[in-house]
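User: Please take one part of this model and look at it closely. Then carry on from there to the rest. I am new to this structure, so explain your terms as you go.

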Amino acid sequence: MFLNSEIIFKINEIKDLSFEMGKDLSKSSTFKLVASGDFISIRTKEATALLLQLLYSYNLDYRVLGLGANQILPTTSPVPYLKLNFSFDKNIFNNVCDLYKVPASLSISNLTAHAVKFGIKGWEVFTGIPATVGGAIFMNAGTALGEFGSIVHSVDIVRKNGRMENYLVNEKSFSYRKNNFLNSGDIIIGAELKHFGIDLSIGSKIEQYLQYRSETQPLLAKTCGCMFKNAKINLPQSHGVITCPAGLYIDIMGLKGLQYNGVRVSRKHANFFENVGEARYEDVFKLMEIIYSELYDNFGIKFEPEVEF
Ligand SMILES: Cc1cc2nc3c(=O)[nH]c(=O)nc-3n(C[C@H](O)[C@H](O)[C@H](O)COP(=O)(O)OP(=O)(O)OC[C@H]3O[C@@H](n4cnc5c(N)ncnc54)[C@H](O)[C@@H]3O)c2cc1C
């Protein structure tokens with residue numbers, strides 16, 4: 001449901017947020033698709049709580065936007081986007097701390113820079129992932145080196161009804177590319193991050209992994225990361241599970257470089273799509289359908305989307 005004038009009036013009465021109707025969002029995701037929508041930028045946790053209370057009282061949906069590195073934005077959105085934009089004193093990164101209290105809106109590239117400088121053990125797990133702290137926790141983003149969830153101590157949440165809560169992470173809080181403690185509509189506003197001591201070799205480990213990623217992935221193109229999840233296949237007669245990498249199967253089919261309107265299968269890494277023109281949601285969806293069908297028809301494997309539509 002689109003916001004009516006009464007709701008917009010009430011939103012504008014809340015301190016520390018700004019509302020823009022029908023904002024151009026083509027720069028609000030890493031894919032840079034043609035997109036627009038109502039956009040609410042929020043500068044404090046108190047404003048987040050008040051806004052959620054208001055939206056909850058009208059039973060209104062919304063979508064939270066981090067860097068938009070895992071979202072395929074529709075050309076026009078029926079729900080408003082909420083973007084956290086909290087201020088933060090980066091002096092915390094001048095020294096090594098036991099726990100780091102950071103806002104959800106912070107880009108995790110700041111954490112990587114700190115890890116390289118001081119050798120923060122455990123922080124190599126998210127090397128090269130474009131994300132905010134909130135997006136990385138929500139997705140439990142990870143690499144071959146590990147997952148973001150492993151370094152999260154606690155999470156500050158504003159629940160859908162506007163109630164604030166500090167959630168202490170336990171061994172069941174995260175699974176593969178997801179968290180298990182947020183309900184639909186909850187917003188992460190901050191987190192305390194831990195580490196596993198100091199190891200001066202971490203800096204070079206991060207730099208090597210970054211180098212590897214830039215050689216194998218189209219990091220300079222407009223993309224949304226991996227489009228399909230790798231498929232897990234149960235072998236017959238309990239012979240175990242194998243992982244089928246989506247990129248490898250797309251590559252074997254010779255589909256690198258396949259283009260639909262402004263979106264193209266990357267020639268560098270087949271599980272990435274690149275926006276090479278004025279690509280739109282519909283173009284991405286169509287190219288995904290084509291690839292999905294080709295892989296299913298030829299290998300009988302259903303590769304599920306990794307990105308959020
Ligand atoms: C070049 C490239 C490489 C990538 N490589 C990897 C990789 O190696 N590993 C990996 O895991 N991912 C990878 N990704 C995908 C992406 O970076 C991750 O999924 C990342 O966690 C997204 O973070 P974000 O802040 O952009 O969140 P968004 O994409 O904006 O949002 C993702 C989801 O999180 C929700 N969300 C975001 N912030 C909050 C919040 N504060 N509170 C509640 N919900 C929130 C959104 O509503 C949405 O549902 C890559 C993407 C690109 C473009």
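Analyst: **The sheet that holds β12**

Four strands, 4 in number, make an open sheet in the order β5-β12-β8-β9, and the pairing is antiparallel. The edge strands are β5 and β9 (164-168); each has a single partner strand, so one side of each is left without a neighbour in the sheet. From one strand to the next, the twist averages 20 degrees. Angles here run from 0 to 180 degrees between N-to-C directions, and axes are lines fitted to C-alpha atoms, for helices over the stretch in contact.

Some ground rules come next. The model is predicted; local features need pLDDT of at least 70, side-chain atom pairs count only at pLDDT 80 or more, and totals for chains, interfaces and linings use all residues. Residue numbers start from 1 along each chain as its sequence is written. Strands (E, at least two residues) and helices (H or I, at least four) are DSSP runs, numbered from the N terminus. Two strands pair if DSSP finds at least two bridges between them.

Now to β12 itself. Strand β12 covers residues 187-193, and 6 of its 7 residues are buried. Buried means that 20 or more other C-beta atoms, placed from the backbone, lie within 10 Å of the residue's own; 12 or fewer make it exposed, and anything in between partly exposed.

What joins β12 to β5? The two run antiparallel, with 4 bridges between β12 and β5 (residues 100-103). Val102 faces Ala191 of β12. Pro103 has Gly190 of β12 as its bridge partner.

Strand β8 (residues 152-158) also pairs with β12, over 6 bridges and in the antiparallel sense. Here Asp156 has Gly190 as its partner in β12. Gly190 is thus a bridge partner of both Pro103 and Asp156.

β12 has a further role in the picture: the ligand. β12 supplies at least two residues of the shell around the ligand, as do β3 (63-64), α4 (133-139) and β6 (142-143). The most come from α4, with 5 residues. Of the 31 residues around the ligand, Gly66, Ala131, Gly134, Gly135 and Gly225 come nearest. A residue is near a molecule or strand when its C-beta atom, placed from the backbone, lies within 6 Å of it.

What is the shell made of? It has 17 nonpolar, 12 polar and 2 charged residues. Nonpolar covers Ala, Val, Leu, Ile, Met, Phe, Trp, Tyr, Cys and Pro; charged covers Asp, Glu, Lys and Arg; the others, Gly among them, are polar.

Asn140 lies in the loop between α4 and β6. Its phi is near 45 degrees, a positive value in a residue other than glycine. Asn140 counts as partly exposed because it has 19 C-beta neighbours inside 10 Å.

Lys32 makes a second case, in the loop between β1 (17-24) and β2 (36-42). Lys32 is not a glycine, yet its phi is positive, at about 55 degrees. It has 19 C-beta neighbours inside 10 Å, so Lys32 is partly exposed.

Next, the helices. Helix α3 (residues 109-118) and helix α5 (residues 202-216) have axes that come within 6 Å and cross at roughly 130 degrees. That makes α3 oblique to α5. Under 35 degrees counts as roughly parallel, over 145 as roughly antiparallel, 65 to 115 as roughly perpendicular, and the rest as oblique. Thr112, Ala115 and Val116 of α3 make the contact with Ile202, Gly203, Ile206 and Glu207 of α5. Contact means C-beta atoms, placed from the backbone, within 7 Å. By class, the contact has 4 nonpolar, 2 polar and 1 charged residues.

Two more strand groups remain. Strand β13 (residues 231-234) and strand β14 (residues 241-244) pair antiparallel over 4 bridges. Ile233 stands opposite Ile242 of β14. β13 and β14 form a hairpin with 6 residues between them, and Gln237 in the turn has a positive phi of about 55 degrees.

The other group is an open sheet of 3 strands, β15-β16-β17 in order, with antiparallel pairing. β15 (259-260) and β17 (273-275) are at the edges; each has a single partner strand, so one side of each lacks a neighbour in the sheet. Strand β16 (residues 263-265) and β17 are joined by 3 bridges. Arg264 has Glu274 of β17 as its bridge partner.

Key:
Two residues are in contact if their C-beta atoms, placed from the backbone, lie within 7 Å.
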